[in-house]
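Here is a walk through one chain, from a single helix out to the sheet and on to one loop residue. Keep the model open and turn it as you read.

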Amino acid sequence: MSFAWPTLLWLLLLLPALVALYLYVLHRNRRFALRHASLQMVRDALGRNPGVRRHLPPLLFLLGIGTLLLAAARPQAVLTLPHQERTVILAMDVSGSMRATDVEPSRMVAAQRAALDFVAEQPADTRIGVVSFAATAALVQAPTRSRDDITAAIERLQMQYGTAIGSGLVVSLASLFPEAGIELSAAEEDVAGYRIRHPEHLGDPPYRAGANTDAVIILLTDGQSTTGPDALEAGRLAADLGIRVFTVGVGTVEGEVIHIGGWAARVGLDEETLRQLATLTAGEYFHAGTAEDLRAVYRNLDSRMVLKTEQTEISAVFAAAGALLVALAAMLSLLWFNRIL
């Protein structure tokens with residue numbers, strides 16, 4: 001435990017002074033009582049309830065004062081508390097393979113519906129951004145609290161050619177750290193070669209994977225990258241920035257044959273890449289084989305992003321405890337001796 005105003009702890013030196021004052025008052029009352037011959041008057045002067053009762057209310061009062069003085073110094077403690085993530089980036093695959101119908105009515109439609117359900121269940125103070133990626137990636141909705149804007153961005157997603165998972169991750173990171181100087185023009189070439197300017201509040205890289213608890217990326221894809229930077233290199237960039245990436249694999253491993261532009265291709269789910277991405281960034285991988293599975297995954301994600309270890313001021317706890325001790329001292333003194341103390 002630490003204190004925001006540690007200099008106020010010097011006020012605790014008042015406690016020995018109060019103890020000395022209490023002992024002085026007891027000694028003075030005893031001397032005054034012994035001057036009288038009446039035993040009854042001696043008892044009245046010394047109190048009718050000798051022993052522990054006599055000293056308990058003053059002791060509780062002193063403890064209460066000490067606790068209140070600690071509260072004035074603003075104590076802080078490192079606690080693991082429930083915490084809703086402030087920013088969530090939904091990185092959604094819009095490649096042609098998402099037209100496969102192994103997830104009904106199609107991978108794309110099921111992904112959109114599940115994403116909309118997820119957005120609707122988030123607290124109002126959570127900012128959500130939307131990134132789409134195919135052969136290239138784009139930020140279609142900057143992080144915002146406007147549910148109407150987020151819903152509109154998800155609903156207007158259109159399928160394109162190619163799949164660049166790495167590009168989707170890089171654009172997501174750039175939207176989370178617009179001041180970090182991520183060179184988006186280089187995204188299609190080499191993620192590892194990025195020159196990232198780290199502002200003072202970000203500290204010096206590399207971070208511990210998953211250390212940044214203010215934001216997460218949820219990457220939804222069928223997991224077959226065909227172009228753009230290497231997805232795992234993009235994942236290392238996310239890990240260096242402390243951002244967790246939760247990967248969601250849409251579809252079945254065996255996949256199905258789709259026809260695009262006169263070509264036929266089997267599109268299956270590349271789970272291995274998605275698992276590695278999640279492990280690399282201290283996130284988690286989920287498989288969604290059906291539309292209902294996909295909705296369940298999104299509901300699960302919300303419950304897995306709620307614990308945060310942070311330094312929290314606990315002055316109110318000390319203040320409440322101190323006030324309670326003082327009130328208890330006064331109550332017992334009134335009950336036993338018909339006086340406040």
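Start with helix 8, which lies across strand 6, strand 7 and strand 10. Relative to strand 7, helix 8 runs at about 165°. Bear in mind that this is a predicted model.

Which residues of helix 8 are buried? Within residues 271–280, they are Glu271, Thr273, Leu274, Leu277 and Ala278. These residues cover an arc of only 165° around the axis, so they sit on the same side of helix 8. Their packing partners include three strands: strand 6 (215–221), strand 7 (244–250) and strand 10 (285–288). Two helices also take part, helix 6 (165–176) and helix 7 (231–240). Just past the end of helix 8 comes alanine 282, with a positive phi of about 65°.

Now move to the sheet. Its 6 strands follow the order 5-4-3-6-7-10. The sheet is open, and its pairing is mixed. Which strands stand at the edges? They are strand 5 (137–144) and strand 10. Each has a single partner strand, so one side of each is left without a neighbour in the sheet. From one strand to the next, the twist averages 15°.

Look at the strand 5 edge. Strand 4 (residues 127–133) and strand 5 run antiparallel, joined by 5 bridges. Here isoleucine 128 stands opposite threonine 144 of strand 5.

Next, find glutamine 160. It is in the loop between helix 5 (147–155) and helix 6. Is glutamine 160 buried, exposed or partly exposed? Its relative accessible area is 41%, so it counts as partly exposed, a class that lies between the 20% limit for buried and the 50% limit for exposed. Leaving aside residues up to four places away in sequence, glutamine 160 touches Val94, Ser95, Gly96 and Ala134. Take serine 95: it is 65 residues from glutamine 160 along the chain. Yet the C-alpha atoms of these two residues are separated by 5.0 Å.

Finally, step back to the whole chain. It has 10 helices and 11 strands. Of its 341 residues, 44% are buried. Among contacts with a separation of 6 or more, 77% involve residues 24 or more positions apart. The accessible surface comes to about 17400 Å². Carbon and sulfur atoms account for 58% of that surface.

Methods: Residues numbered from 1 in each chain as written. Predicted model: local features only at pLDDT ≥ 70, side-chain atom pairs only at ≥ 80, totals over all residues. Heavy atoms only, no water. Buried < 20%, exposed > 50% of the residue type's maximum accessible area, 1.4 Å probe, protein only. Helix = DSSP H or I, 4+ residues; strand = E, 2+ residues; numbered from the N terminus. Arc of directions from axis to C-beta. Contact = heavy atoms within 4.5 Å. Pairing = 2+ DSSP bridges. Axes fitted to C-alpha atoms, helices over the stretch in contact; angles between N-to-C directions. Areas by Shrake-Rupley, 256 points an atom, 1.4 Å probe, with all protein chains shown as cover.
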